[in-house]
Amino acid sequence: MTPFLVLATIAVYFIVLFAISWLAGRHADNQGFFIGNRKSSWYVVAFAMIGSSISGVTFISVPGWVAVNNFSYLQMVLGFVAGTLLIAYALIPLFYKLKVVSIYEYLENRFGISTYKTGAWFFFISKMLGASVRLFLVCVVLQLLVFDPIHLPFILNVFFTVALVWLYTFNGGVKVLIWTDTLKTCCLIVSVVLCITFIASDLQLDFMGMVRAVTDNDYSKVFFFDDVNDKRFFWKQFLAGVFTVIAMTGLDQDMMQRNLSCKNPADSQKNMVTSVIFQFIVIAMFLMLGVLLYIYVQAKNIALPAKSDELFPMIATQGYFPTIVGILFIVGLISSAYSAAGSALTALTTSFTVDILGTLKKHTDEEAARSRKKVHIGMAFVMGLVIVVVNALNNTSVIDAVYILASYTYGPILGLFAFGIFTKKAVKDKYIPLVAILSPLFCLMVDLNSEQWFNGYSFSYELLIINALFTFVGLCLFIKKGKVQP
């Protein structure tokens with residue numbers, strides 16, 4: 001694809017995106033920006049949530065990942081399903097009962113101001129790193145397809161990308177995100193279905209032939225029960241999926257702001273159950289696409305790229321298929337990546353404004369709106385800066401990097417909420433920041449020495465659980481004797 005065609009595709013997509021953003025955010029106030037005034041229909045949110053759960057990382061990394069991990073990712077996605085049910089029926093009623101704008105307000109009610117600020121800061125670090133890694137991926141593809149051919153530097157690419165995200169989320173907040181995620185879901189489903197169709201057609205496979213080609217391929221193995229030291233071992237993946245989705249959805253302002261925009265807890269629960277079922281189906285389709293891509297390169301004697309993340313972009317955009325496949329790839333990529341980044345930027349703005357600055361409690365609505373807009377610009381700048389740093393340090397599959405980061409940064413959040421929900425004990429609030437900082441450090445020490453200490457056992461994403469456990473135990477050390485939650 002030529003740089004001009006890529007830019008034209010992006011331009012058309014953003015014309016549609018800005019139109020939706022303007023219509024949805026015309027009269028958005030602070031409550032509209034933060035929680036959508038709690039007027040969203042559950043079925044609209046459910047459809048939008050399919051797309052919000054699929055980032056550019058999934059779009060790029062999952063197809064290329066099958067060569068190393070086969071279909072083992074579905075074990076983790078099964079954990080996502082189980083974890084989502086726990087969120088829907090344990091956390092959703094709690095958050096609606098407390099009428100929170102930011103879910104981290106729960107920590108203030110339960111423990112105190114130090115714990116509240118600790119949870120907010122860990123979310124800020126977690127989401128900023130995760131969102132930046134995801135947006136970094138689209139910057140890499142745009143650099144390959146647009147900026148390198150016209151000899152423009154990566155930093156200009158980052159400025160262009162982050163500026164677009166900032167522009168379309170500036171006014172509408174959550175109200176805009178729900179409708180732009182609906183557009184994203186449509187683009188993703190159409191894109192992956194048509195890409196699979198084109199590849200199968202070029203390989204001269206009908207529907208049943210395509211299914212047999214995928215299921216007969218060694219890459220399509222789903223379950224791994226044989227070796228507990230294998231990172232693909234079922235219980236590692238499944239339990240990591242359960243706790244990852246609890247931490248990265250249930251305890252994540254970015255994802256929960258959509259669910260909390262529904263009219264009542266029952267609608268929010270219907271939304272979550274529906275969306276996670278369809279999320280499973282869509283991810284399975286991405287894995288099928290990955291197998292077909294490897295079958296295709298083998299059949300056509302095409303040299304594999306150096307990184308698995310580059311496989312799908314290379315096949316889609318380098319002239320192996322009709323131009324429409326490249327256009328579909330670009331539409332799917334930008335819809336997934338920009339929407340996820342916009343969502344993260346909104347959540348970061350909400351959390352920093354509400355939790356860290358305490359703006360809603362200290363200022364009038366007009367002052368809060370001005371503060372929120374300044375924070376929004378600041379979050380965009382920091383995101384761009386982190387992307388530049390990630391570009392300098394990147395040396396692994398991006399989806400792998402996202403979950404590794406989550407294991408360290410979401411662990412303390414998961415531990416804080418678990419202690420708060422499953423015990424009634426009061427703790428010495430001022431010591432909680434120390435616990436939250438030490439837990440990931442202990443976790444890192446265990447991870448680096450696990451093979452030596454545990455007879456060859458190597459941790460995978462279940463490290464998140466160990467991190468949360470360290471936090472839980474640390475809280476137990478600072479329990480106030482004789483005091484319980486009122």
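This report covers the nonpolar cores, a cavity and three single residues of a predicted model.

## Nonpolar cores

In soluble globular proteins, nonpolar side chains tend to be buried together. Here the largest nonpolar core holds 141 residues. Within this core, the residues with the most contacts are Phe-95, Ile-315, Phe-329, Met-383 and Ile-387. Helix H7 provides the largest share, 18 residues. Another core lies apart from the largest one and has six residues. Among them are Cys-443, Val-446, Phe-459 and Leu-463.

Take Phe-95 as one example from the largest core. Leaving out residues up to four places away in sequence, Phe-95 touches Val-100, Ile-103 and Tyr-106, and also Gly-250, Met-256, Leu-260 and Phe-417.

## The second largest cavity

Rolling a probe the size of a water molecule over the atoms shows where empty space is left. A search of the whole structure gives two cavities of 30 Å³ or more. The second largest cavity encloses about 60 Å³. Eleven residues line this cavity. Ser-126, Gly-130, Arg-134, Met-248 and Tyr-410 lie nearest its centre.

Which helices build the lining? Helix H7 (113-147) and helix H18 (398-409) each supply at least two residues. H7 gives the most, with five residues. The lining is mixed in character: six residues are nonpolar, three are polar and two are charged. H7 therefore appears twice in this report, as the main contributor to the cavity lining and as the source of the largest share of the 141-residue core.

## Two loop residues with positive phi

Most residues other than glycine have a negative phi. Gln-204 has a positive phi, near 60°. Gln-204 sits in the loop between helix H9 (174-202) and helix H10 (207-216). Is this residue buried or exposed? Gln-204 counts as exposed because its relative accessibility is 74%, and the cut-off is over 50%.

Asn-301 also departs from a negative value: its phi is about 55°, although it is not a glycine. This residue belongs to the loop between helix H13 (265-299) and helix H14 (311-317). Asn-301 is exposed, with a relative accessible area of 71%.

## A buried asparagine

Asn-69 is located in helix H4, which spans residues 56-69. What is its state of exposure? Asn-69 has a relative accessible area of 15%, so it is buried, the limit being under 20%. Beyond its neighbours within four places in sequence, Asn-69 is in contact with Phe-224 and Arg-232.

Terms used. Residues numbered from 1 in each chain as written. Predicted model: local features only at pLDDT ≥ 70, side-chain atom pairs only at ≥ 80, totals over all residues. Heavy atoms only, no water. 1 Å grid on protein atoms, 1.4 Å probe; cavity = no way out; pocket = protein on both sides within 12 Å on 5 of 7 lines; lining within 4 Å. Points joined across faces, edges and corners; volume = space filled by probe spheres on them. Helix = DSSP H or I, 4+ residues; strand = E, 2+ residues; numbered from the N terminus. Nonpolar A, V, L, I, M, F, W, Y, C, P; charged D, E, K, R; others polar. Buried < 20%, exposed > 50% of the residue type's maximum accessible area, 1.4 Å probe, protein only. Contact = heavy atoms within 4.5 Å. Core = buried A, V, L, I, M, F, W, Y, C linked by side-chain atoms within 4.5 Å.
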